Amino acid sequence: MGYPDQRFDVNLSILFTELPLLERPAAAAAAGFTAVELWWPWIETPTPPQAELDALKKALDDAGTQLVGLNFYAGQLPGPDRGALSVPGTESDRFRANIDVAAGFAASVGCKALNALYGNRVDGVDPAAQDELALENLVAAARAADRIGAVLLIETLNGPESPRYPLLSAPAGIEIVDRVNAATGLGNAKFLLDLYHLSMNGEDLSQVVTAYAAKTGHVQIADNPGRGAPGTGSLPLEQLLDELTKAGYDGWVGLEYRPGDRPSAEAFEWLPATARAAR
């Protein structure tokens with residue numbers, strides 16, 4: 001048990017960001033990792049030119065890195081936005097335009113998990129109307145994911161950093177997972193269990209693991225306080241990952257933490273080099 005028994009991937013949208021996007025897969029590989037994940041890299045557009053998609057695929061392939069998680073278009077992230085699919089008007093339209101583009105890219109690189117961030121509440125819009133729009137868009141995303149043999153991930157964020165995001169607890173995220181699966185009948189909507197966000201919300205992490213491991217499709221970690229590497233805060237991350245394993249979770253664990261005031265390549269000393277390559 002312990003960290004060496006986990007399947008880790010590096011989130012290239014929060015680590016190695018001191019490098020251009022196309023250099024990050026090789027940097028992760030140089031640090032010993034063979035699996036990576038990404039937020040939607042083109043925050044300005046849901047439909048980037050095919051040449052840019054091809055260039056990213058080539059960078060992943062040339063580095064020998066497997067993309068194991070990809071966000072759908074989520075607006076300005078990092079930035080003020082927390083998703084687009086529940087935001088009426090232009091942002092919802094952008095999300096819909098992105099569904100087949102993201103799924104197509106995921107299929108081209110063998111990525112089997114697509115994360116759909118829900119989106120913030122909007123002043124002057126009935127939350128129920130936003131939720132109705134969200135369900136419609138999530139159903140479309142789940143169907144697109146299913147066509148490529150992938151799961152659709154629903155993520156809980158945290159209130160202190162994302163106060164306008166409506167999914168601020170594990171039960172809130174699970175409710176949406178269940179709602180999407182009921183609407184599609186596909187069963188491919190899963191919970192993205194982010195231990196950092198859940199800890200920021202003050203949830204009992206061991207209880208969440210026990211209750212929801214079976215519905216979890218991806219895990220992300222960072223320590224708290226600070227959202228730094230494991231060991232920089234006070235979360236018992238190694239213990240919690242062992243609990244996830246005992247509860248039956250055998251999927252990926254995304255490293256979604258900030259490297260601090262140092263190059264990203266120096267932010268992995270907590271994990272033996274022999275435990276970094278995907279298994």
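Accessible areas come from the Shrake-Rupley method with a 1.4 Å probe. In this predicted model, the accessible surface of the protein chain amounts to about 11,000 Å², and carbon and sulfur atoms contribute 53% of that surface. Of the 279 residues in the chain, 54% are buried.

The overall dimensions may be considered next. Along the principal axes, the C-alpha atoms of the protein chain occupy a box of roughly 50 × 45 × 35 Å. The chain contains eight helices and eight strands. Its radius of gyration is 17 Å, close to the 19 Å expected from the globule rule for 279 residues, and the chain is therefore as compact as a globular protein of that length. Among contacts with a separation of 6 or more, 77% are between residues 24 or more positions apart.

The strands define the architecture. Eight strands close into a barrel with parallel pairing, in the order E1-E2-E3-E4-E5-E6-E7-E8. From one strand to the next, the twist averages 30 degrees. Within this barrel, strand E2 (residues 35–38) and strand E3 (residues 66–71) run parallel and are joined by four bridges. Glutamate 37 has glycine 69 in E3 as its bridge partner.

Helices pack against this sheet. Helix H3 (residues 90–109) touches E3 and strand E4 (113–115), and the direction of H3 makes about 170 degrees with that of E3. Helix H4 (residues 127–147) lies across E4 and strand E5 (151–155); relative to E5, helix H4 runs at about 140 degrees. Strand E4 is thus touched by H3 and also has H4 lying across it.

Note on methods: Residues are numbered from 1 along each chain as its sequence is written. This is a predicted model: local features need pLDDT of at least 70, side-chain atom pairs count only at pLDDT 80 or more; totals for chains, interfaces and linings use all residues. Side-chain values use heavy atoms; hydrogens and water are left out. Two strands pair if DSSP finds at least two bridges between them. Helices (H or I, at least four residues) and strands (E, at least two) are DSSP runs, numbered from the N terminus. Axes are lines fitted to C-alpha atoms, for helices over the stretch in contact, and angles run from 0 to 180 degrees between N-to-C directions. Contact means heavy atoms within 4.5 Å. The radius of gyration is taken over C-alpha atoms; the globule rule is 2.2 Å times the number of residues to the power 0.38. Buried means under 20% relative accessible area, exposed over 50%, partly exposed in between (1.4 Å probe, protein chains only).
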